[in-house]
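Here are a few notes to read with the model open beside you. Take the points in order and find each piece as you go.

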Amino acid sequence: MPLRWEILHEQKLIHIVAEGEVTLKEMEEHFDALVVAKALAYSKLFDATALKPVYDDNDVMAMGARLSAYTSHFPSGPLAVVGISDAVQLAFRRFVNVSPSKRPARLFKTEAKARAWLKEQALSVSD
């Protein structure tokens, strides 16, 4: 499967790894799994360094509609995406723009910087 994730309940973190082509169906399965696991509010570390997004504008709008339904009922935690390709940067901007969530979201070149930022987000919530 091109999209894998591990839900780390103790850390309130979801580590997602995308390898290869990821479709709307895979993204929907991912969102559904987070809701079922009651983990949507957790921080998300999304490793997109090997991601090849294969969805069009209609797919992005469908993802936005699904997220709108979820975030109207459940809080959504911060999102840190790791990736440097133009395709990943474009997908990140499109996804963040269509998402109704007010959560913090940033794009990083390294996982270490993404993890440090997520840690800062967790500290600011606990203050």
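1. Let's begin with a quick check on helix α2, residues 57–71. This is a predicted model, so checking a length is a nice habit. With 15 residues at 1.5 Å a residue, α2 should span 21 Å, and its end C-alpha atoms are indeed 21 Å apart, so the two agree.

2. Which residues of α2 are buried? They are Val60, Met63, Gly64, Leu67 and Tyr70. Looking down the axis of α2, you'll find these buried residues within an arc of 120°, so they line one face of the helix. That buried set packs against α1 and α3 (86–98). Flip to the other side of α2 and you meet Asn58 and Met61, which are exposed.

3. Now look at how α2 starts. Asp56 caps its N-terminal end, with a side-chain oxygen 3.0 Å from the backbone nitrogen of Asn58.

4. On to the strands. β1 (residues 3–8) and β2 run antiparallel and are joined by 6 bridges; one pairing to look for is Leu3 with Ala18 in β2. The two strands form a hairpin with 4 residues between them, and Lys12 in that turn has a positive phi of about 55°.

5. Is β2 mostly covered or uncovered? Mostly covered: 8 of the 10 residues in this strand (13–22) are buried.

6. β2 also pairs with β3 (residues 43–53), this time in parallel, through 9 bridges. Gly20, for instance, sits opposite Leu51 in β3. To get from β2 to β3 the chain passes through helix α1 (residues 24–36), making a right-handed β-α-β crossover.

Conventions:
Residues numbered from 1 in each chain as written. Predicted model: local features only at pLDDT ≥ 70, side-chain atom pairs only at ≥ 80, totals over all residues. Heavy atoms only, no water. Buried < 20%, exposed > 50% of the residue type's maximum accessible area, 1.4 Å probe, protein only. Pairing = 2+ DSSP bridges. Right-handed = clockwise from strand over helix to strand, strands pointing away. Expected span 1.5 Å × (residues − 1). Arc of directions from axis to C-beta. Contact = heavy atoms within 4.5 Å. Polar contact = N/O pair within 3.5 Å; in protein donor to acceptor, adjacent residues only side chain to side chain.
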